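Work through the exercises below with the sequence and the coordinates open side by side. Each task sentence is followed by a solution that proceeds step by step.

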Amino acid sequence: MKACGVIAEYNPFHNGHRYQLSEARRMTQSDVMVVAMSGNFVQRGAPALLDKWTRAEIALRNGADIVVEMPVLGSVQAADLFASAGIRLLQAMQCDAFAFGAEEGIAEDFISHSRFLREHESEIDRIFQTYRNDGRTYAAQLETAIAEVLRPQGSAISFSTPNNQLGLAYVKENERFPEPMETAIVLRRGAGHNDSDAFEQEFASGTAIREWSLRHGKETGRKDIGRFVPQETLEALERRPLLDWDNYWGMLQYQLLLLSHTELQNIYQVEEGIEYRLKKEAEDTADFTAFIRRVKTKRWTWARLQRVCTYILLGITRGEANSFQEKADSIRLLGFTEEGRRYLNILKKNTETPIVTKLREPHTSDLQLEIRSDRIYRLGGLPVLEEQNFTRSPIYIRNEPRNQS
């Protein structure tokens, strides 16, 4: 069986995601679509709008065959580390191909660009070091260094758009493996990745759908987004708890007031004295958005601050982050279809990577951080949100196997 992988957040799952899964399956002629999906906290440092089990089931009913969970220290990361965790997971699932959405280009554009950058890593790093103290963000400094190296070569496509940047990070990581997966590019249609204002196009962005849902609540406005999401997402938005940072601001504020500057310095990625700004602004700020606006600087961007706030909320220390980078991979299975079950039966005979299907005490040492994170996530949705681990088994969608001819 041929497997194609996708790295995703589905925050929430919309028609563009369904189109991507369908196109990726067609382009790669794959029997099985494997999704490495962020758990209850997502890449930009925010709680997921819908919990991981709800999002996994929607994906399985709309084109995915297997959904596995990216660990929180893989999913809540800047692009390069997020890509590394996702590609590593798809490799562990022994995918033959992987696909991602991009604004433009073909696979060869990304592969050749990736190889050029890898060949010039030392030169890029040398130029990058000259910008370290100019007050700009890490990403801006690195982008300038790369541009200087690339300028003589040029590029047929732009790598400044969000999806192309993330796609390049995927390809760079995939190329590091002895047997890279086949690369497939699904060109985006409709709204841009972060376009919060696009309901007049064929596909709306996840950002637009998320913001609309939070703004209008469960009782109003659903008909306006119904044409951009599958029925399962629409029903979930009407019935499930919808979570964002507002649900956790009180908890974060308590942590910031309780922990000393020294204790905050032990939290992953709390650096450059940002702990002083965080503590100072936390006491008298009414909500999370106002808090980030006060703390934000040119160097400390909104996304970077949200990730740091997530680490503080979840109590993720530097030591835990270091341990995560060093530990062996495991696969947390969230759900599968009948076709996915067939593939998993084959995979289990050919891999030594543990596939975790149900959590039971005390055999949870490798997943303590996920368990803690999910327990904190659940506090934002109480009393409605169900327990996220020990009472859960992988979702099984009993559909008919697809024609293999």
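The exercises that follow concern a predicted model, and they take up cavities, helix packing and backbone geometry in turn.

**Exercise 1.** Determine how many cavities of 30 Å³ or more the structure holds, and describe the lining of the largest cavity.

Solution. Begin with the count: there are three cavities of 30 Å³ or more in the structure. Next take the volume, which for the largest cavity comes to about 210 Å³. The lining of the largest cavity consists of 15 residues, and those closest to its centre are Pro71, Leu89, Phe324, Asp329 and Ser330. Then assign the lining to secondary structure: helix H4 (79–92) and strand S8 (331–337) are the elements that contribute two or more residues to the largest cavity, and H4 has the largest share, with four residues. Finally, sort the lining of the largest cavity by class, which gives eight nonpolar residues, six charged residues and one polar residue.

**Exercise 2.** Which residues line the second largest cavity, and which helix gives the most to that lining?

Solution. The second largest cavity contains about 60 Å³ of space. Listing its lining along the chain, one finds Gly39, Asn40, Phe41, Glu69, Met70, Pro71, Val72, Ser75, Glu370, Ser373 and Asp374. Mapping the lining onto elements shows that strand S5 (66–70), helix H3 (72–75) and helix H19 (368–379) each supply at least two residues, while H19 gives the most, with three residues. By class, this lining of the second largest cavity has four nonpolar, four polar and three charged residues. Pro71, which is in this lining, is also among the residues closest to the centre of the largest cavity.

**Exercise 3.** Characterise the packing of helix H14 against helix H15, from the orientation of the axes to the residues in contact.

Solution. First establish the geometry: H14 (residues 274–282) and H15 (residues 288–295) pack at an angle of about 135°, and their axes lie 10 Å apart. The two helices, H14 and H15, are therefore oblique to each other. The handedness of the crossing of H14 and H15 is right-handed. At the level of residues, H14 brings Ile274, Arg277, Leu278, Glu281 and Ala282 to the contact, where they meet Phe291, Arg294 and Val295 of H15. Classified, the contact of H14 with H15 has five nonpolar and three charged residues, and no polar ones.

**Exercise 4.** Carry out the corresponding analysis for helix H12 and helix H16.

Solution. H12 (residues 249–258) and H16 (residues 302–314) pack at an angle of about 80°, with 9 Å between their axes. That makes H12 roughly perpendicular to H16. On the side of H12 the contact is formed by Met251, Leu252, Gln255 and Leu256, which meet Cys309, Ile312 and Leu313 in H16. The contact of H12 with H16 divides into six nonpolar residues and one polar residue, with no charged residues.

**Exercise 5.** Where do Pro12, Pro383 and Gln29 lie, and what is notable about their backbone geometry?

Solution. As the background to this step, most residues other than glycine have a negative phi, and most peptide bonds are trans. The peptide bond from Asn11 to Pro12 is cis, with omega near 0°, and Pro12 lies in the loop between strand S1 (3–8) and helix H1 (15–28). A cis peptide bond also runs from Leu382 to Pro383, with omega near 5°, and Pro383 is placed in the loop between H19 and strand S10 (395–397). Turning to phi, Gln29 has a positive value of about 55° although it is not a glycine, and Gln29 is found in the loop between H1 and strand S2 (32–38).

Definitions and conventions:
Residues are numbered from 1 along each chain as its sequence is written. This is a predicted model: local features need pLDDT of at least 70, side-chain atom pairs count only at pLDDT 80 or more; totals for chains, interfaces and linings use all residues. Side-chain values use heavy atoms; hydrogens and water are left out. On a 1 Å grid over the protein atoms alone, a cavity is a set of points where a 1.4 Å probe fits but cannot get out, and a pocket is an open set with protein on both sides within 12 Å along at least five of seven lines; lining residues have an atom within 4 Å of a point. Grid points are joined across faces, edges and corners, and a volume is the space filled by probe spheres set on the points. Ala, Val, Leu, Ile, Met, Phe, Trp, Tyr, Cys and Pro count as nonpolar, Asp, Glu, Lys and Arg as charged, and the others, Gly among them, as polar. Axes are lines fitted to C-alpha atoms, for helices over the stretch in contact, and angles run from 0 to 180 degrees between N-to-C directions. Angles under 35 degrees count as roughly parallel, over 145 as roughly antiparallel, 65 to 115 as roughly perpendicular and the rest as oblique. A crossing is left-handed if the near helix is turned anticlockwise from the far one by less than a right angle, and right-handed if clockwise. Contact means heavy atoms within 4.5 Å.
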